[in-house]
Amino acid sequence: MKVFVTGATGFVGKALIDSLLADQHNVIAAVRKLTKQLPTSVTQVVIGDLSEFAEADDNEFETKLATFLSVSDVLVHLAGRAHITSDDPINDQSLFDAVNASATFKLAKLASKYNVKRFLFLSSIGVNGNQTSQTPFTEQDTPNPQEPYAVSKWRSEQLITNHQFSNQMEWVIIRPPLVYGPDAPGNFASLLKWTKRGVPLPFGAVHNKRSMIALDNLADFITLCLDAPAAGNQTFVIADDESVSMSELLKKVAAAQGMSAKLIPVPVGLMKNTAKLLGKSALAIRLFADLQVDNRKARHLLGWKPVTTMDQQLKKMAKLDKNKRFNRK
């Protein structure tokens, strides 16, 4: 099968390409510029930045992509805008929408025009909301995105699922929570860094429950959705089987590194109030609130099960990190 992948050099993209090649798929990668980060067996097509796609004339991008889309069976769309450093919420939303909604929809229509059979879109569990209370998130929940990034992902989902594609192209929507694995970006990378340094962290009293997904599990699930008949025109929330608290996560991260986590039991209410005073309420929700995901639809409909546990993925991360540090010496 020929698989066209956007976001191929990103955190999820590189892991997915390894999974696709291991399954003997032919991979075409859309890249901003030619790169040595990808295996030589991967065909690269330079498309520039997706923000340019959102603003450009449709014919311009069609010229770049037509040859490659016409021979592709599936398009996996991972690329998107995840962060914006601005204090203007209205402008932020328009910037997120341009890439995550408008550009995504243009790409989906172009894929349909050239008879791609299936369009896989990596969305976000943020479409469901940013915290759970009594029950885990499922696919049946009414969408409740709280932040501009999640809103843009929801708008993209609506554009895709409400459109009648000319060639009856199927779509698959995947909403993962936080993804962790080797070279994980963002907040997880920060927590990993401070834990490895043995810095005491104030999360000893945090006993929330949060679902995450190992990078290997997400790559495996995306690969399964390429051609699983039952996945067509379906939305999936996906996560590891286990949920962990912040304190449990840090203990697991430290144990994988052969260390003991240094956790101070600072009252959660005090940290929440401090975060609010500092204008960091969104960060407090990510650190202290529950966010659980029910993955039973993927299990029952597709027969999927995680290929790794959290402990196994964290040990893999620690081993790769150790090898990198050894090679730098």
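Contact here means heavy atoms within 4.5 Å. With that criterion in hand, the tour of this predicted model can begin.

**The whole chain**

Start by displaying the entire protein chain as a cartoon. The protein chain holds 12 helices and 10 strands. Its radius of gyration is 20 Å, close to the 20 Å that the globule rule gives for 329 residues, so the chain is as compact as a globular protein of that length. Aligned on the principal axes, the C-alpha atoms occupy a box of roughly 55 × 45 × 40 Å.

Next, switch to a surface representation. About 16100 Å² of the protein chain is exposed, and carbon and sulfur atoms supply 52% of that area. Buried residues account for 50% of the 329 residues. If contacts with a separation of 6 or more are drawn, 77% of them join residues 24 or more positions apart. Colouring by charge brings up 39 positive and 31 negative side chains, with the centres of the two sets 8 Å apart.

**Helix 1 and its surroundings**

Select residues 11–22, which form helix 1. These 12 residues reach 18 Å from the first C-alpha to the last, close to the 16 Å expected at 1.5 Å a residue. Which residues of helix 1 are buried? They are Phe 11, Val 12, Gly 13, Ala 15, Leu 16, Ile 17, Ser 19 and Leu 20.

Keep those side chains visible and add their partners. The buried residues of helix 1 pack against strand 1 (2–6), strand 2 (26–31), strand 4 (74–77), strand 5 (118–122) and strand 7 (178–180). A helix also belongs to this set of partners, namely helix 7 (215–225). Before leaving, select Gln 24, just after helix 1, where phi is positive at about 70 degrees.

**Helix 7**

Now select residues 215–225, the helix 7 that the buried residues of helix 1 pack against. Helix 7 is mostly covered, with eight of its 11 residues buried. The buried residues are Leu 215, Asn 217, Leu 218, Ala 219, Phe 221, Ile 222, Thr 223 and Cys 225.

**The end of helix 3**

Move to helix 3, residues 58–69, and select Phe 68. Phe 68 is partly exposed, with a relative accessible area of 22%; the cut-off for a buried residue is under 20%. Beyond its neighbours within four places in sequence, Phe 68 is in contact with Phe 4, Ile 28, Thr 43 and Val 45. For a long view across the model, draw the C-alpha distance from Phe 68 to Gln 131: the two are 63 residues apart in sequence and 40 Å apart in space.

Then select Leu 69, also placed in helix 3. Is Leu 69 buried or exposed? Leu 69 is buried, with a relative accessible area of 0%. Leaving out residues up to four places away in sequence, Leu 69 touches Phe 4, Leu 75, Leu 110, Ala 111, Tyr 114 and Val 116. Phe 4 therefore appears in the contact lists of both Phe 68 and Leu 69, given that contact is defined by heavy atoms within 4.5 Å. Between the C-alpha atoms of Leu 69 and Ile 28 the distance is 9.1 Å, across 41 residues of sequence.

**Three loop residues**

Select Asn 144, in the loop between strand 5 and helix 5 (148–161). Asn 144 is partly exposed, at 41% relative accessible area. Outside its neighbours within four places in sequence, its contacts are Gly 126, Val 127, Asn 128 and Gly 129. Asn 144 and Val 127 lie 17 residues apart in sequence, and their C-alpha atoms are 5.9 Å apart.

Asp 183 comes next, in the loop between strand 7 and helix 6 (186–196). Its phi is near 65 degrees, a positive value in a residue other than glycine. Asp 183 is exposed, with a relative accessible area of 58%.

Continue to Asn 233, in the loop between helix 7 and strand 9 (234–237). Phi of Asn 233 is also positive, near 55 degrees. Asn 233 is partly exposed, with a relative accessible area of 37%.

**Last stop: helix 12**

Finish at Lys 322 in helix 12, residues 310–328. At 56% relative accessibility, Lys 322 counts as exposed. How far apart in space are Lys 322 and Gln 257, C-alpha to C-alpha? The distance is 9.0 Å, although 65 residues of sequence separate Lys 322 from Gln 257.

Methods:
Residues are numbered from 1 along each chain as its sequence is written. This is a predicted model: local features need pLDDT of at least 70, side-chain atom pairs count only at pLDDT 80 or more; totals for chains, interfaces and linings use all residues. Side-chain values use heavy atoms; hydrogens and water are left out. Helices (H or I, at least four residues) and strands (E, at least two) are DSSP runs, numbered from the N terminus. The radius of gyration is taken over C-alpha atoms; the globule rule is 2.2 Å times the number of residues to the power 0.38. Buried means under 20% relative accessible area, exposed over 50%, partly exposed in between (1.4 Å probe, protein chains only). Accessible areas come from the Shrake-Rupley method with a 1.4 Å probe; for residues, only the protein chains shown count as cover. Lys and Arg count as positive and Asp and Glu as negative; His and the chain ends are not counted. The place of a charge is taken as NZ of Lys, CZ of Arg, CG of Asp or CD of Glu. The expected span of a helix is 1.5 Å times one less than its number of residues.
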